[in-house]
Structures are given as structure tokens and as C-alpha cells.
Amino acid sequence: MTDIMAQPIATEGSPSVPELQQPFVSKWASRYRGATVEDLDPPAALSLNPSDPISLALLSAFERDYTHLTIVDSQTRALLGYISIPQLQARLERGEVKPEDEVRTAMMRFRRKGGAKYQVITMETPLEELEAFFAGVATAGQKQDFAVITDENRRFVLGVATVADLEEFVKRRPA
């Protein structure tokens, strides 16, 4: 089992950070048995460009039953951010965006500078680490809904894994 140290935020009058650190304990470690992200058999990533219309994002996601789409630079293919389809639908219903608007108006951008360190998730990442990522171990407890799967050098987006993908894997795997 992989132990990943959480980084809680100490407040005035609370114990210091080292005293608060507890190792992450996977609730499904017995089912993983050395499995990696590749064992989830994630579908190939579907990436759009910031200039693509929102209607294309919706159509593409519905055709493939995807909940998240990655957004990449049209020239460099660098990962810029993502679109959450459920959030996009809610914004459309509220009239905040229109189907003909560009994806850039609704996408969530990844912070490049000054933000939390980007955690690389590859096909070789153990499922215990992916579970810890979803649990928010590396983001001060802020849970994550999905992970962008890249190559080791973050040059190519290979796929997206969700909490539901991990839960489905656990259901199929005997204890």
C-alpha cells in the first residue's frame, strides 16, 4: 500500500503541521493488488480547442458519454484546461453561456504559476495514488472529480479517469 502524506493547514492554536500529518490509507487497497491507471482501461481523451463552439463540446461529450473534456492549444497541443459537462449544462440553463459561444468562455483553466503543483497521472500510476489524488491528499483536502492522464513528460493527453471509473473497477474486482 502506498502512503501519501496529507498536508493539512495549521491554524492558530492548532497543532503544528507535522503533528497533524496522517498517512493516506486507501479504502480499496486490497482490491487493487498492484493495478495501475492502465487497468482502468480509460477511453482515449477527447480534446477540444478554445475556439471550438460550446455546442461541439456538448455534442462530442454526449456521443461518447464523457463528463469532462480536455482543452488544448490548437498549435502546440499544450493542455490548457477542461470543461465539466454537468457544469456547462447548468451554465447554459442559467443563460450564462450560449451554444455558439467559444469553449474558452466556459472552460476551467489550469493554473500554471503560483498554484498547487501539478500532479502527473500516467498510465503507470498505481490506483492507490489515483485514489489519494481524488481524495484531495495533494490539494489540502480539496477533492478532485477527475484526473487527466498524460505521458510522463505531460506532452500528450492520453485520457481522463473519474472517481466513477475507479469505483467501477473496484466493483468488478473480487476482494
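1. A residue counts as buried when its relative accessible area is under 20%. In this predicted model, five of the five residues of strand S5 meet that cut-off, so S5 is largely enclosed by the rest of the structure. The strand spans residues 146-150.

2. Which residues of S5 lie on each side? Phe146, Val148 and Thr150 are on one face, while Ala147 and Ile149 are on the other. Both faces are covered.

3. S5 is joined to strand S6 by five bridges, and the two strands run antiparallel. S6 covers residues 157-162. Within this pairing, alanine 147 is placed opposite alanine 161 of S6. The hairpin formed by S5 and S6 has six residues between the strands, and arginine 154 in this hairpin has a positive phi near 60°.

4. Helix H5, residues 127-135, can be read in a similar way. Seven of its nine residues are buried, so H5 is largely enclosed by the rest of the structure. The buried residues are Leu127, Glu128, Leu130, Glu131, Ala132, Phe133 and Phe134. Note that two glutamates, Glu128 and Glu131, are in this list.

5. What covers the buried residues of H5? The cover includes strands S5 and S6, together with helix H2 (29-32) and helix H6 (163-172). S5 thus appears twice in this note: as a buried strand and as part of the cover of H5. Just after H5, glycine 136 adopts a positive phi of about 85°.

6. A separate point concerns helices H3 (residues 54-64) and H4 (residues 85-93). Their axes lie 11 Å apart, and the helices pack at an angle of about 135°. An angle over 145 degrees would count as roughly antiparallel, and one of 65 to 115 as roughly perpendicular. H3 and H4 are therefore oblique to each other. Their crossing is left-handed.

7. Which residues make the contact between H3 and H4? H3 supplies Ile54, Ala57, Leu58, Ala61 and Phe62, and H4 supplies Ile85, Leu88, Gln89 and Leu92. By class, eight of these residues are nonpolar, one is polar and none is charged. On spacing, an α-helix has 3.6 residues a turn, so residues three or four places apart point the same way.

8. For the chain as a whole, the count is six helices and six strands. Along the sequence they follow the pattern α-α-β-α-β-β-α-β-α-β-β-α. Of the 175 residues, 37% count as buried. Among contacts between residues at least 6 apart in sequence, 61% join residues at least 24 apart.

How values were computed:
Residues numbered from 1 in each chain as written. Predicted model: local features only at pLDDT ≥ 70, side-chain atom pairs only at ≥ 80, totals over all residues. Heavy atoms only, no water. Axes fitted to C-alpha atoms, helices over the stretch in contact; angles between N-to-C directions. Helix = DSSP H or I, 4+ residues; strand = E, 2+ residues; numbered from the N terminus. Parallel < 35°, antiparallel > 145°, perpendicular 65-115°, else oblique. Left-handed = near helix turned anticlockwise from the far one by under 90°. Contact = heavy atoms within 4.5 Å. Nonpolar A, V, L, I, M, F, W, Y, C, P; charged D, E, K, R; others polar. Buried < 20%, exposed > 50% of the residue type's maximum accessible area, 1.4 Å probe, protein only. Pairing = 2+ DSSP bridges.
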